[in-house]
Amino acid sequence: MTLNDIGEVVRSIGAIATGLDNNGHKMFTRRKFLVSSLLATAAAPAFAQTFPGALIRIVVPAAPGGGTDILARAMSQQLATGWGQTVIVENRSGGGGLIGTRQAIAAPPDGHTLLMAATSAIMSLAVSKGGLPFEIASDLAPVTLVSAPPYILVAHPSVPAKSAADLIDYAKKNPGKLSYGSSGSGAASHLSGALFAQMAGLEMLHVPYRGMGPAVPDLLGGRIQLLFAPAITVTPHITAGTLRMIGTTGATRSKLFPDFPTIAESGLPNYNSLGWFGLFAPGATPSAMVERISGDVRKVLESDDLKKRLAEQGAEPEPTTPAQFKDFVNSDIRKWLDLAQKAGIKLGGG
């Protein structure tokens, strides 16, 4: 079966989903449906055998320079070597990650267009579809989790708190006086703060920014008091003494920062919030193709070079199977949508 044959099968599968041809006319009888289904099944192994047959694009629904972009570019270099094909990263920012995400969803499901996304982009997709119930497989085929690093809660030195317990006590005695920044509405940095406030019963103002870039200077200048941030953006300031570390957001201490206590152990039991990065393919991509790509990416993530690059971002590689990643994404997004609904948090997306 040639690539052109496979392409025809993919287009047929798309038509089956609607039962209409390009002119909007009904086109499939029961017999044709069964024949096309059998062809699709036969095509899956052929996909895996012929991939990659052309240039591969990794769409990043965010601006260059952020964590998602850095990780995608690091992975693309090694994937290109392993696949023997050019792998490029295309930044398609805007709409809270929706522009790039929808571009990937609409791409041909042949494995040559992938999506490297973080929590915020998938949250925007979920909100745009009406929130709960949420099922990632209705739009995208999860390939693998790349990393799920904890954030670090840091405070401006003017805040008299050295632990989560101190911070909660201070916030309760000064309701409405604390504000926390984020890299945008629906981002992991926003949701981490919202969860903290809800669990502790606090009144804190959320101040969204267009990325961590402008948020950190405002924290350093005292215009906001708190920030849940990636390690790479705040650890230099913790070392310099210009920001105070309160705790990390994971359920357990980070192997990269073993001396940093978690928020859960320092004053807010059971608190757990992780931002994550993961790789997706268009939803109709054959499972054999998804499994092939997932296995290749796992090899890259387990390489010493990628481990080093991830460590520089304060993260560790956490590759999964496609099925495990699907369950992870669905559970995580439902958790945040439920939080937003119960706490009356307005999220972006559309």
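## Exercises on a predicted model

In this predicted model, the protein has an accessible surface of about 15500 Å², and carbon and sulfur atoms account for 54% of that area.

**Exercise 1.** Determine whether Ser76 is buried or exposed, and locate it in the secondary structure.

*Solution.* Begin with the element: Ser76 lies in helix 3, which covers residues 67-83. Next, take its relative accessibility, which is 7%. The cut-off for a buried residue is under 20%. Ser76 is therefore classed as buried.

**Exercise 2.** Identify the residues that Ser76 contacts, apart from its neighbours within four places in sequence.

*Solution.* With those neighbours set aside, the contacts of Ser76 are Ile58, Val87 and Val89. Now place these partners: Ile58 falls within strand 1 (residues 56-60), while Val87 and Val89 fall within strand 2 (residues 87-91). A further distance concerns Arg57: its C-alpha atom is 9.0 Å from that of Ser76, although 19 residues separate the two along the chain.

**Exercise 3.** Describe how strand 1 and strand 2 are arranged, and how the chain passes from one to the other.

*Solution.* First, the pairing: strand 1 and strand 2 run parallel and are joined by five bridges. Within this pair, Val87 of strand 2 stands opposite Ile56. Second, the connection: the chain leaves strand 1, passes through helix 3 and enters strand 2, forming a right-handed β-α-β crossover. Third, the surroundings: strand 2 is largely enclosed by the rest of the structure, because four of its five residues are buried.

**Exercise 4.** State what share of the protein's residues is buried.

*Solution.* The protein has 350 residues, and 50% of them count as buried.

Conventions
Residues are numbered from 1 along each chain as its sequence is written. This is a predicted model: local features need pLDDT of at least 70, side-chain atom pairs count only at pLDDT 80 or more; totals for chains, interfaces and linings use all residues. Side-chain values use heavy atoms; hydrogens and water are left out. Helices (H or I, at least four residues) and strands (E, at least two) are DSSP runs, numbered from the N terminus. Buried means under 20% relative accessible area, exposed over 50%, partly exposed in between (1.4 Å probe, protein chains only). Contact means heavy atoms within 4.5 Å. Two strands pair if DSSP finds at least two bridges between them. A crossover is right-handed if, with the strands pointing away from the viewer, the path from the first strand over the helix to the second runs clockwise. Accessible areas come from the Shrake-Rupley method with a 1.4 Å probe; for residues, only the protein chains shown count as cover.
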